[in-house]
Amino acid sequence: MTEVSYLSHARYGKDKVRVLRVVRDGAWHNIVEYNVTALVEGDIETSYTKADNSVVVATDSIKNITYYLAKTSPHILVPERFALHLGTHLVSKYAHLSKAFITIEQLRWQRVPISQGAGQTPKPHSHSFYRDGDEKRTVEAEIDASAGKDKIIARVTSGLKDLLVLKSTGSAFEDFVRDEYTTLVEVNDRIFSTSVDLTYTYKPISIPKPADGEGKVFDAPLTGDAAKGTPWDGDALAAATREITLEVFALDESASVQATLYKMGQRIIAENAQITDVTYKLPNKHYVPVDMKYIGIDNTSPPKAEVFVPLAAPSGLITATISRK
């Protein structure tokens with residue numbers, strides 16, 4: 001029988017590996033909670049085409065490697081660094097694997113503030129935390145050893161999602177296309193609310209061949225000034241991009257979601273030289289003023305609209321990528 005198909009692409013691994021790590025520094029504890037996906041590519045086609053399991057690193061082993069490094073890696077508290085360590089270990093330990101794809105979703109834990117008395121700044125508790133909303137920090141790392149175990153290249157995209165924001169004025173939507181299908185009323189003052197989904201991509205970085213040959217031990221690929229603004233500096237970039245997003249959202253006199261989105265992306269590119277492109281996905285969270293004309297109350301004109309009905313669906317979705325020239 002003549003075969004009419006072939007295996008054009010294959011990748012496998014472990015999804016939804018949940019990790020909570022406590023890092024103790026005396027009485028001061030740090031925690032991170034991650035959802036990790038670790039996938040691999042390489043010379044694995046015969047496991048699909050010939051039922052040859054000799055090329056398969058079991059997904060259970062990939063899970064156990066994730067937990068092992070969560071325990072032993074000094075880089076666990078920064079998701080970009082941990083992703084680079086995990087991916088480098090996978091492609092370095094197994095000769096037949098050429099790429100690893102690590103996705104990390106970090107849940108937002110904050111320290112419980114403890115009152116120090118009237119007029120004094122609350123003190124963060126040393127080992128008590130609370131979940132600070134649904135916002136998540138995200139990292140996607142591709143660790144590519146296709147050119148050789150001593151020529152590893154890492155490509156990292158970081159971001160955040162589920163950051164819910166709202167402002168009660170400073171937003172308008174006017175002068176859009178009007179035709180027979182248009183029912184939307186133009187407004188010069190409205191609620192602007194969205195759930196921010198942001199990703200930003202770094203310039204690729206080279207990963208030195210691990211000194212132990214396997215990547216159990218993973219040294220910083222960049223140090224000092226060379227590390228600034230790179231994936232190795234992930235915490236600083238996460239804070240900077242989040243701050244820019246919130247500041248532009250709050251201060252921009254928004255002509256549209258599109259216009260505000262573009263300003264956010266422009267500023268991130270301008271202020272962070274190692275970032276090559278920025279993508280936002282901003283769904284409209286609609287709040288519709290309740291019509292109370294039937295009882296003689298104006299609750300629909302912009303200055304007097306104060307009572308709204310939140311609508312979950314349908315919603316607008318505005319997305320764009322802003323790239324460095």
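This is a short tour of two helices and one surface patch in a predicted model.

**First stop: helix α4**

Select residues 234-251, which make up helix α4. At 1.5 Å a residue, these 18 residues should span 26 Å, and the end C-alpha atoms are indeed 26 Å apart, so the expected and modelled spans agree. Now show the side chains of Leu237, Ala238, Thr241, Ile244, Thr245, Val248 and Phe249, and add Gly234 to the selection: these are the buried residues of α4. Turn the view to look down the axis of α4, and you will find them within an arc of 135°, so they line one face of the helix.

What do the buried residues of α4 pack against? Colour α3 (79-93) and α5 (257-271), then the strands β4 (123-144), β5 (152-167), β6 (192-202) and β8 (275-283); the buried residues of α4 pack against these elements.

**Second stop: helix α2**

Next, pick residues 59-72 for helix α2. Its 14 residues should span 20 Å at 1.5 Å a residue, which agrees with the 20 Å between its end C-alpha atoms. Highlight Ile62, Ile65, Thr66, Leu69 and Ala70, which are buried in α2. Around the axis they cover an arc of only 135°, which puts them on the same side of α2. Bring in β1 (12-25), β2 (28-42) and α3 too, as they are among what covers these buried residues.

**Last stop: a patch on the surface**

Finally, switch to a surface view and select Val288, Val309 and Leu311. Together they form a nonpolar patch with about 210 Å² of accessible area. Val288 sits in strand β9 (residues 286-289) and is partly exposed, with a relative accessible area of 36%.

Definitions and conventions. Residues are numbered from 1 along each chain as its sequence is written. This is a predicted model: local features need pLDDT of at least 70, side-chain atom pairs count only at pLDDT 80 or more; totals for chains, interfaces and linings use all residues. Side-chain values use heavy atoms; hydrogens and water are left out. Helices (H or I, at least four residues) and strands (E, at least two) are DSSP runs, numbered from the N terminus. The expected span of a helix is 1.5 Å times one less than its number of residues. Buried means under 20% relative accessible area, exposed over 50%, partly exposed in between (1.4 Å probe, protein chains only). The arc is that of the directions from the helix axis to the C-beta atoms. Contact means heavy atoms within 4.5 Å. Patches are made of residues with over 30% relative accessible area and no salt bridge: like charges are joined within 9 Å, nonpolar side chains (Val, Leu, Ile, Met, Phe, Trp, Tyr) within 5 Å. Accessible areas come from the Shrake-Rupley method with a 1.4 Å probe; for residues, only the protein chains shown count as cover. A salt bridge is a side-chain nitrogen of Lys or Arg within 4 Å of a carboxyl oxygen of Asp or Glu.
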